[in-house]
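Here are my notes on the model, in numbered points. Please read them with the structure open.

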2 protein chains.
Amino acid sequence: MPNIYEVAKRAGVSTATVSRVLSRPDVVSPETRRKVLHAVKILAYAPNSAAKHLRTLRSGKLLVTIPDLGNPFFSPILQGIEETAQSEGYAVLLGDMQHDKSREDHYGLMLQRREADGLIFFGNKLPRSVAELVAAAAPKCAPVVYGCDFEPGLCTSSVHVDNVAGGADAVDHLYALGHRRIGIVSGPPDSPSSRDRLLGATDPERAGRANVEFVVMKADFSIESAYAAVNHLLGLRRPPTAIFCFNDEMAMGALEAAWGRRLRVPEDLSIVGFDDIRFARHMNPPLTTIAQPMREIGIGTVRLLLDILSGRTIVPATVTLPHLLIVRGSTAPPAVEASLMQHASTA
Amino acid sequence: MPNIYEVAKRAGVSTATVSRVLSRPDVVSPETRRKVLHAVKILAYAPNSAAKHLRTLRSGKLLVTIPDLGNPFFSPILQGIEETAQSEGYAVLLGDMQHDKSREDHYGLMLQRREADGLIFFGNKLPRSVAELVAAAAPKCAPVVYGCDFEPGLCTSSVHVDNVAGGADAVDHLYALGHRRIGIVSGPPDSPSSRDRLLGATDPERAGRANVEFVVMKADFSIESAYAAVNHLLGLRRPPTAIFCFNDEMAMGALEAAWGRRLRVPEDLSIVGFDDIRFARHMNPPLTTIAQPMREIGIGTVRLLLDILSGRTIVPATVTLPHLLIVRGSTAPPAVEASLMQHASTA
DNA sequence: TAAAGCCACTTTACCGGTATAGGTTTCGAT
DNA sequence: ATCGAAACCTATACCGGTAAAGTGGCTTTA
């Protein structure tokens with residue numbers, strides 16, 4: 001593995017010149033440049049990154065932590081992050097929290113050791129070590145960006161959709177179809193986005209909604225938890241005619257529960273999801289859902305973080321990206337009997 | 001951000017002592033150790049990783065490249081990798097190839113620059129820069145491990161299942177159920193694992209198989225390609241009674257094609273997948289498939305790579321992990337008419 | 001009693017780049 | 001011919017750790 005000295009010797013120049021040929025070629029004469037590049041090629045030289053990082057005090061890496069890699073919601077986000085980071089000359093360090101607190105502090109330390117220049121955090125709550133770092137930087141920006149969720153009290157930037165409006169849009173869709181008894185399968189209570197979706201979904205002030213009943217089941221964003229919750233809902237004396245799940249995986253669980261009870265979707269039961277993961281359109285029936293621009297969320301977090309790192313952004317910024325209701329085959333007006341029953345019971 | 005000098009000064013010792021307290025505490029007296037640790041705590045000191053890496057010529061990072069992050073097949077693999085790497089003191093650098101050659105060489109260079117100590121490669125073909133590195137190291141090991149696939153001619157280690165046997169097991173299952181006309185939806189021809197599965201699936205020498213007809217459709221592991229392929233198969237004059245897709249996502253596409261033609265699965269058409277991704281059991285009907293131990297594949301690649309890095313392994317090793325046929329609801333004996341037709345036509 | 005060994009630490013060279021200051025050459029203007 | 005400034009290059013300090021050699025005082029050994 002050759003170093004810069006060997007290249008310099010071979011090209012007959014100083015190491016500084018070699019360095020400059022590779023980082024700012026325009027300030028070196030064409031002739032010298034040619035000689036150096038030739039030597040670089042012959043020796044297959046590539047600058048050692050540790051040395052570079054030590055001298056420049058930048059690592060060229062962004063740390064990204066994800067609560068659960070297995071969730072397909074994060075795949076396009078990660079792709080957006082990885083692609084943008086690479087095109088801006090950064091590499092991505094991946095941390096999978098697996099919902100484990102002890103792993104979180106491990107990754108918090110990596111920021112302190114400067115193994116990464118910044119952190120893109122997906123999850124509910126910053127690990128303690130990072131929160132301290134953020135608090136220390138306040139009111140200026142620490143190199144930390146929240147994706148999707150964000151802690152209201154904390155001085156951090158974030159990129160997300162309007163979850164209140166998203167939740168409201170899902171329910172508005174069901175309401176417009178005629179549903180008046182709606183089951184809701186929420187995420188865990190410590191998830192800010194789940195809280196917001198619930199807020200929007202059940203907002204009694206929402207214009208045009210009257211005579212709606214909600215039955216809220218707490219779940220945890222997993223297929224299994226939603227299956228159990230929906231199974232319970234369908235076993236009620238007066239089951240809901242529609243169900244809004246706070247993510248698409250839980251909608252899969254809801255579909256399974258419906259199959260299990262020989263209910264047809266959407267004839268007997270309408271189902272709405274959230275996220276529009278890649279598989280939503282391939283479910284049976286294709287899933288109506290609130291789409292999040294996942295790839296753009298990923299891209300947005302990187303851009304925001306790079307703005308902070310370069311000093312272009314000083315004060316924490318919040319970016320809200322648009323969501324979109326995608327109507328597919330899993331929602332329809334409630335069956336006549338159901339709406340009659342509903343009518344009779346409220347009369 | 002304090003450095004080791006400030007800690008040394010505060011503790012009244014030399015920097016070397018501070019360094020040793022943190023890396024080999026046992027060779028320092030308890031009293032000195034206490035003083036140093038106290039100073040470390042007060043200053044919130046964390047060793048700069050670039051400096052450490054420069055001196056030790058190790059980066060503590062493993063580069064992992066994935067052809068497509070969106071494929072849920074890779075999620076458990078990545079989780080296994082990340083978890084094992086972290087527990088062994090390594091961090092994971094993520095590269096998403098997105099089937100793009102130009103990105104591949106970018107990541108090849110990272111090895112040369114020593115931004116990572118080793119590479120875990122998922123995909124068909126090593127990028128040129130890495131292949132050169134491997135060739136240069138031959139017949140010893142380069143710090144490169146193939147996951148799932150592997151290039152036969154190349155001197156690299158790999159971790160995978162026996163794809164020939166897996167393909168054979170899938171077809172044996174269908175054969176045992178009575179299917180004699182089997183559609184096969186393969187991956188792209190440049191994928192070694194797809195080639196192997198095809199070999200096993202259509203092996204005419206396989207004991208006990210007689211009078212089986214195969215119709216092979218080339219696809220590319222995507223839902224859409226499989227949908228088109230299966231749609232074509234089902235439109236044939238004598239369509240197959242069972243279909244073996246070389247991954248589970250393609251089985252999803254096959255299911256969709258069956259729904260589209262109002263066929264019941266498994267009554268009218270049996271479907272077998274490969275991989276046993278997390279969603280396989282949640283399809284409608286639950287998918288019969290060949291399970292790969294994905295998490296263990298991930299763990300295995302890390303262990304193998306660390307063995308190479310530590311010098312414990314000198315010669316390239318190949319690890320074959322067990323696969324398993326998981327029978328769920330998507331396979332059943334062919335309908336009577338179909339088998340009669342089959343019988344009549346072969347008589 | 002000198003030599004050798006050991007302990008617990010300090011000193012220092014070094015990893016491989018880049019930033020910076022300073023030196024040399026070139027060339028047009030005076 | 002002399003000067004000045006730009007263009008281009010070199011020498012070197014420095015980034016922050018760690019490995020290895022060195023130190024001083026003590027104990028053990030021949």
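Why is strand β5 (residues 157–161) of chain B largely enclosed by the rest of the structure?

1. Enclosure of β5(B). This is a predicted model, so please read every point below as a statement about a prediction. Strand β5(B) is largely enclosed because five of its five residues are buried. Burial here needs 20 or more other C-beta atoms within 10 Å of a residue's own. Both faces of the strand are covered. Ser157(B), Val159(B) and Val161(B) are buried on one side. Ser158(B) and His160(B) are buried on the other.

2. Partners of β5(B). Strand β4 (residues 144–147) of chain B pairs with β5(B) in the parallel sense, over three bridges. Within that pairing, Val145(B) has Ser157(B) as its bridge partner. Strand β11 (residues 318–321) of chain B also runs parallel to β5(B), and four bridges join them. There, His160(B) stands opposite Thr320(B). Ser157(B) and His160(B) are thus both buried residues for which a bridge partner can be named.

3. The two faces of α2(B). Which residues of helix α2 (residues 15–23) of chain B are buried? They are Thr17(B), Val18(B) and Val21(B). These residues lie on the same side of α2(B), because they cover an arc of only 100° around the axis. An α-helix has 3.6 residues a turn, so residues three or four places apart point the same way. The cover over the buried residues of α2(B) includes α1 (4–11) and α3 (30–43) of chain B. Turned away from that buried side is a face with the exposed residues Ala16(B) and Ser23(B). Ala16(B) returns in the next point, as one of the closest residues to DNA strand C.

4. DNA strand C. This strand is surrounded by 24 residues. The closest are Ile4(A), Ser19(A), Ala51(A), Ala16(B) and Thr32(B), so named from both protein chains. The elements that give two or more residues to this surface are α2 (15–23) and α4 (49–56) of chain A, with α2 and α4 of chain B. The top contributor is α4(A), with five residues. By class, the surface has ten nonpolar, eleven polar and three charged residues.

5. DNA strand D. Here 23 residues surround the strand. Ala16(A), Thr32(A), Ile4(B), Ser19(B) and Ala51(B) are the closest. Two or more residues come from each of α2 and α4 of chain A and α2 and α4 of chain B. For this strand, α4(B) provides the largest share, five residues. The classes are nine nonpolar, eleven polar and three charged.

6. The contact between chains A and B. Chain B puts 38 residues into the contact, and chain A puts in 37. On the chain B side, two or more residues come from each of α4 (49–56), α5 (74–87), β2 (91–96), α6 (101–112) and α11 (248–260). Helix α5(B) has the largest share, with six residues. This side of chain B divides into 19 nonpolar, twelve polar and seven charged residues.

7. Strand pairing across the contact. Strand β2 (residues 91–96) of chain A runs antiparallel to β2(B), and three bridges join the two. One of the named pairs sets Val92(A) against its bridge partner Leu94(B).

8. Symmetry. How is chain B superposed on chain A? A rotation of 180° does it, with 0.1 Å of shift along its axis and an RMSD of 0.2 Å. The two copies are therefore related as by a two-fold rotation axis. Leu93(B) comes closest to that axis among the residues of chain B, at 2.2 Å (C-alpha). The same surface serves both copies, since 97% of the contact residues of chain B recur in chain A.

9. Asp307(B). This residue is found in helix α12 (residues 294–310) of chain B. Is Asp307(B) buried or partly exposed? With 16 other C-beta atoms within 10 Å, Asp307(B) is partly exposed. Leaving aside neighbours within four places in sequence, Asp307(B) is in contact with Arg312(B) and Thr313(B). Pro143(B) is 164 residues away along the chain, yet the two C-alpha atoms are separated by 9.4 Å.

Terms used
Residues are numbered from 1 along each chain as its sequence is written. Chains are lettered from A and ligands numbered from 1 in the order in which they are written. This is a predicted model: local features need pLDDT of at least 70, side-chain atom pairs count only at pLDDT 80 or more; totals for chains, interfaces and linings use all residues. Two residues are in contact if their C-beta atoms, placed from the backbone, lie within 7 Å. Ala, Val, Leu, Ile, Met, Phe, Trp, Tyr, Cys and Pro count as nonpolar, Asp, Glu, Lys and Arg as charged, and the others, Gly among them, as polar. Two strands pair if DSSP finds at least two bridges between them. Copies are superposed by least squares on the C-alpha atoms of residues with pLDDT of at least 70 in both. A residue is buried if 20 or more other C-beta atoms lie within 10 Å of its own, exposed if 12 or fewer, and partly exposed in between; C-beta atoms are placed from the backbone. The arc is that of the directions from the helix axis to the C-beta atoms. A residue is near a molecule or strand if its C-beta atom, placed from the backbone, lies within 6 Å of it.
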